[in-house]
Amino acid sequence: MRRYVRVVVLCLACGFCSLLYAFSQLAVSLEEGAGGGGWKPQAAAASWLADGGRGVGRGAGSAGPAARPGRSDRYSLKIEPPEKMHLAVVACGERLEETLTMLKSAIIFSIKPLQFHIFAEDQLHDSFKDRLDSWSFLQTFNYTLYPITFPSENAAEWKKLFKPCASQRLFLPLILKEVDSLLYVDTDILFLRPVDDIWSLLKKFNSTQIAAMAPEHEEPRIGWYNRFARHPYYGKTGVNSGVMLMNMTRMRRKYFKNDMTTVHLKWGDILMPLLKKYKLNITWGDQDLLNIMFFHNPESLFVFPCQWNYRPDHCIYGSNCQEAEDEGIFILHGNRGVYHDDKQPAFRAVYEALRNCSFEDNNIRSLLKPLELELQKTVHTYCGKIYKIFIKQLMKSIQDRYDRPPKER
């Protein structure tokens, strides 16, 4: 009898344990289900007073697959999300429409998803949010808006350096602490091929390289740095910072050689001493500081060809970017305000074509013929004489992205 009672008690104990396990598994699955559909956008912005360079962004929004993560079954094969490409821009004053056109050109051709980091004056945030949210149906990008901010003890000096807000880019490695790599571009940039292609150059960095830029000039006879600079600069003609690809993890870790002390300094420690030493000798602000930095650390810079940062200087006195003649322009940089005046109509024609282009496939395909007709009207200028380089890569990008069947893309 006692043996029978023991067997019954043992069975009851086993059954009770089984019920406890079943309830615990049910609780876990319910908890996972409750958390699977939510998403919080990154809202990190610089707040130098609050917590040493990190705070809450004034406006953050999202569009794209990251905003709608799918729930995965416990036993299903996990699929890694595609790598995000991080792109940063700084917009102040009347640069809203120009910046949005740049972002549109990045979206139109790129393959992998994009994460935009938009640093803008407070009064521009609502306009950015309205326009970018209207593009959310594309599901190919996310964005975060940040205020313009500088280290509090020297904010006034950084604000007045060169153009308003321009020196914000120097602090991106310190603000975006969670971002490993980043492509910074000026607002007057247009992508004529996928961002994926310049992003892939990160894999070509050797073990010492932390950033990539293009030369300021190809032809020393018209170069600015080699003729007028009163400070050190990289290479023969300096580098242009309008398109800057960065491995920011390496930038944050590196100790930089300099001409102020025998001690090598980290990125966050070298900026202000450089400004204090050279502020009376620099003309182009933050770009000059970068030139000085890479003059002393040339092993840290990867230099990419001029078609990745094609500017009016490459054609206003005659063509001097052979790579663009051979392969077309990859990234168009309309500095000198040429998108908004009649001095370089070839640049303006490309800008207007992309600004007025919608995201419909047929609209993108059909922009080439009218653009070519507009460019043919610019042959009275040096840049217009070689107008075909403005559409050579653009044509290829449209064919690759929109004309091939989906399986071949």
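Are Cys 306 and Cys 321 buried or exposed? In this predicted model, both Cys 306 and Cys 321 are buried, and a disulfide joins the two residues, with a distance of 2.0 Å from S to S. Cys 306 and Cys 321 both lie in the loop between β13 (301-303) and α12 (322-327), so their link ties together parts that are 15 residues apart in sequence. The torsion about the S-S bond of this pair is about 95°, so the disulfide is right-handed.

The setting of this link is a protein of 409 residues, of which 50% count as buried. The protein has 17 helices and 14 strands, and its accessible surface comes to about 20500 Å², with 54% of that area belonging to carbon and sulfur atoms. Among the contacts with a separation of 6 or more, 72% are between residues 24 or more positions apart.

The structure holds three disulfides. One of them joins Cys 92 to Cys 165, with an S to S distance of 1.7 Å. Cys 92 is in the loop between β4 (85-91) and α3, while Cys 165 is in the loop between α5 (155-159) and α6 (172-175), so this pair connects parts that are 73 residues apart in sequence. The link of Cys 92 and Cys 165 is left-handed, with -90° about the S-S bond, and both of these cysteines are buried.

Another disulfide is formed by Cys 315 and Cys 383, whose sulfur atoms are 1.9 Å apart. Cys 315 is found in the loop between β13 and α12, whereas Cys 383 belongs to helix α16, so the bond ties together parts that are 68 residues apart in sequence. The torsion about the S-S bond of Cys 315 and Cys 383 is about 90°, so this disulfide is right-handed. Cys 315 is buried, with a relative accessible area of 0%, and Cys 383 likewise counts as buried at 0% relative accessibility. When the bonded cysteines of the protein are numbered in sequence order, the pairing reads 1-2, 3-5, 4-6.

The packing of the helices can be followed from α15 (residues 368-376), whose buried residues are Leu 368, Leu 371 and Leu 375. Seen down the axis of α15, these buried residues fall within an arc of 65°, so they line one face of the helix. An α-helix has 3.6 residues a turn, so residues three or four places apart point the same way. The buried residues of α15 pack against α13 (345-355), α14 (361-365) and α17 (388-403).

Helix α13 has its own set of buried residues, namely Ala 346, Phe 347, Ala 349, Val 350, Tyr 351, Ala 353 and Leu 354. The elements that cover the buried residues of α13 include helices α3, α15, α16 (382-385) and α17, together with strands β8 (189-191) and β14 (331-333).

Helix α3 (residues 96-109) also contains Lys 104, a residue that is buried yet has no salt bridge. The nearest side chain of opposite charge to Lys 104 is that of Glu 97, at a distance of 6.3 Å, and a salt bridge requires the charged atoms to be within 4 Å, so the pair does not qualify. When residues up to four places away in sequence are not counted, Lys 104 touches Trp 135, Leu 354, Arg 355, Cys 357 and Phe 359. Of these neighbours, Leu 354 is one of the buried residues of α13, and Cys 357 counts as buried at 3% relative accessibility.

Two loop residues are described here for their backbone angles. Most residues other than glycine have a negative phi. Gln 139, however, has a positive phi near 55° although it is a residue other than glycine, and Arg 336, also not a glycine, has a positive phi of about 65°. Gln 139 lies in the loop between α4 (125-134) and β6 (141-146), where it is partly exposed, with a relative accessible area of 41%. Arg 336 lies in the loop between β14 and α13 and is exposed, with a relative accessible area of 51%.

Note on methods: Residues numbered from 1 in each chain as written. Predicted model: local features only at pLDDT ≥ 70, side-chain atom pairs only at ≥ 80, totals over all residues. Heavy atoms only, no water. Helix = DSSP H or I, 4+ residues; strand = E, 2+ residues; numbered from the N terminus. Buried < 20%, exposed > 50% of the residue type's maximum accessible area, 1.4 Å probe, protein only. Lys, Arg positive; Asp, Glu negative; His and termini not counted. Contact = heavy atoms within 4.5 Å. Arc of directions from axis to C-beta. Areas by Shrake-Rupley, 256 points an atom, 1.4 Å probe, with all protein chains shown as cover. Disulfide = S-S within 2.5 Å.
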